Amino acid sequence: MVKRYGPVTAIDGLTLTARRGEVTAILGPNGAGKTTAIEVCEGYRAADSGTVRVLGLDPARDAAALRPRVGVMLQAGGIPPAVPAGEYLRTLSRFHKKPHDTAWLLDIVGLSGSAKIPYKRLSGGQQQRLSLAAAVLGRPELVFLDEPTAGMDPQARHATWDLVTALKGDGVGVILTTHFMDEAERLADHVIIIDHGRAVADGAPGKLTGSAGQLRFRAVAGLDIESLLAALPADSAAKESPAGHYLIEVPSGVIEPALLAAVTAWCADRGVLPSSLQIESRTLEDVFLELTGRELRS
Amino acid sequence: MTGAASLNQAPTTGRFAPEPGAAPLRRMVAAQSAFETRQLLRNGEQLTLTLIIPLLLLAAFSLEPLISFGGGYTRIDFLTPGVIALAVMSTAFTSQAIATGFERRYGVLKRLGATPLSRAGLIAAKTLTVIGVELLQAVIIVIVAAALGWSPDAAPAAIVVVPLLILLGTAAFSGFALLLAGTLRAEATLAAANLIYVVLLGVGGVVFSLDKFPVGARSFLQALPTGALSTGLRDVLANGVAFPVRDVVTLAVWAVISITLAARYFRWE
């Protein structure tokens, strides 16, 4: 799809497929076109060109048939400020044939003690959770969540992840946008990384990150990378970026104990104490950095 | 209260199996209308506008000889039709414009667009809300007016013509309310709707007779929706006129114009 706002091309030839019953994460920095892409799928705006099908329907033309089957959580707002949380959900529940019990749903999102509190007096995270509850209220087949955990505290984020996992377990498809890599890595069956309105990577999180092992450590800046490489197994790669942050990668995949010993011995020879030494696999953040040359959350 | 401290149950698989479907349209419209009515009755400024100001005007101007109405009316017989017209304007125009403007600003209309309630259903709910509030206003105004000695001089046809005038006025005002709310920012809508309300309260034949204005101005003011509604209601309720043709036609024309413009220019986001 392509979507322009005046001279600005928000979506520049994006193609994405989300399979039924899977969690699909659209990952990208602010301004990458995540919200525009999801709002085209929700039927809020028409793409300038391209074809969009949601559950086999055209979101613009078949809106009446599609709306009852899809749950939507907007990035912000959408709820009248003076209305108590419980009353809002009860009203929305009257729009659905077989809605969830609203008291139960409030409990599930941790708002049962806030049912009588007006929306405007809820915390940002509580407002998000009410909006999330509204999205799943009508037992939808597919849920769109636009940055569902933005502004949530860690516990609320975990509760939201549990809910997404439960939805997936029951065969509900979830399409969410996020700029948190850990969220995408943890939840998604399928990740689409977008930047400047284009997909720059598309696949299962494990496939995108690959299995390459990494060893990172911090030390004084300006250590001699050439001599470090000479001390390591032949297929290793090493770099310092940014200054004082060292990264050693083994494309074959595994960081062997001998490699760790070689690194620490090399440091000891130079009287250098490495700190924050970590052995891990590549993250989506690394993938994004590699593809775009930029940090995801810049 | 934040986060897990208030989580009593973990969301677990087995409760979320898809079973989607829209409720019958009537139930959706009734739910939305009840929701909007409760919001309106909870909102102090809206209540002031729709109930307190009309009742204060009715009481103050009928009890105190602040102005002379002339034309052989008692004060309350002159005032009651004008105050009913004001009440209709305050609900269908001012209050609705402000409420809808802020709904648009807060993304409420956008979010409703993702529910099974269609736009036509939402318009129907808003219409029901306005008519419900107007009925409440009418009952209260009639009771207070009766207590103040109101004795209408009306032909039997008034039982049909008064609701007709009010419905046409409501349609005309609602169209303008949605036109304002759907094109201007919420704050601009608030300011414009209140300003128009105050001006038409003064020159709409509500408490000051249009007969006091020069002839040219009078024709112009009676051609405005508020002037047509107050004059029409006064003709029917105080002068025994069976059918005020000119005012009915005026209101019908305004209704067509305002609703056409609103349908054309209203922006949901």
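## The open sheet of chain A

In chain A, six strands (DSSP runs of E, at least two residues, numbered from the N terminus) make up an open sheet with mixed pairing, in the order β4-β5-β6-β3-β7-β8. Two strands are taken as paired if DSSP finds at least two bridges between them. Because β4 (70-73) and β8 (198-203) of chain A stand at the edges with a single partner strand each, one side of each is left without a neighbour in the sheet. Neighbouring strands of the sheet are turned by 15 degrees against each other on average, with direction ignored.

This is a predicted model, in which local features need pLDDT of at least 70 and side-chain atom pairs count only at pLDDT 80 or more, while totals for chains, interfaces and linings use all residues. Residues are numbered from 1 along each chain as its sequence is written, and chains are lettered from A and ligands numbered from 1 in the order in which they are written.

## Strand β3 and helix α6

Strand β3 (residues 23-27) of chain A runs parallel to strand β6 (residues 173-178) of chain A, and five bridges join them. A:Leu27 stands opposite A:Thr178 in β6(A).

Helix α6(A) packs on this sheet and touches β3, β5 (142-146) and β6 of chain A. Helices are DSSP runs of H or I with at least four residues, and a contact requires C-beta atoms, placed from the backbone, to lie within 7 Å. The direction of α6(A) makes about 150 degrees with that of β6(A); axes are lines fitted to C-alpha atoms, for helices over the stretch in contact, and angles run from 0 to 180 degrees between N-to-C directions.

## The contact between chains A and B

The contact takes 47 residues from chain A and 41 residues from chain B. On the side of chain A that touches chain B, α3 (85-93), α4 (102-108), α5 (124-136) and α6 (154-169) each supply at least two residues. The largest share of that side, eight residues, comes from α6(A).

## The surroundings of A:Thr283

A:Thr283 lies in the loop between β12 (275-281) and α11 (284-292) of chain A. This residue counts as partly exposed because it has 18 C-beta neighbours inside 10 Å; 20 or more would make a residue buried and 12 or fewer exposed, with C-beta atoms placed from the backbone.

Leaving aside residues up to four places away in sequence, A:Thr283 touches A:Met181, A:Glu185 and A:Thr209. The C-alpha atoms of A:Thr283 and A:Met181 are separated by 7.7 Å, although the two residues are 102 residues apart along the chain.

Key: Contact = placed C-beta atoms within 7 Å.
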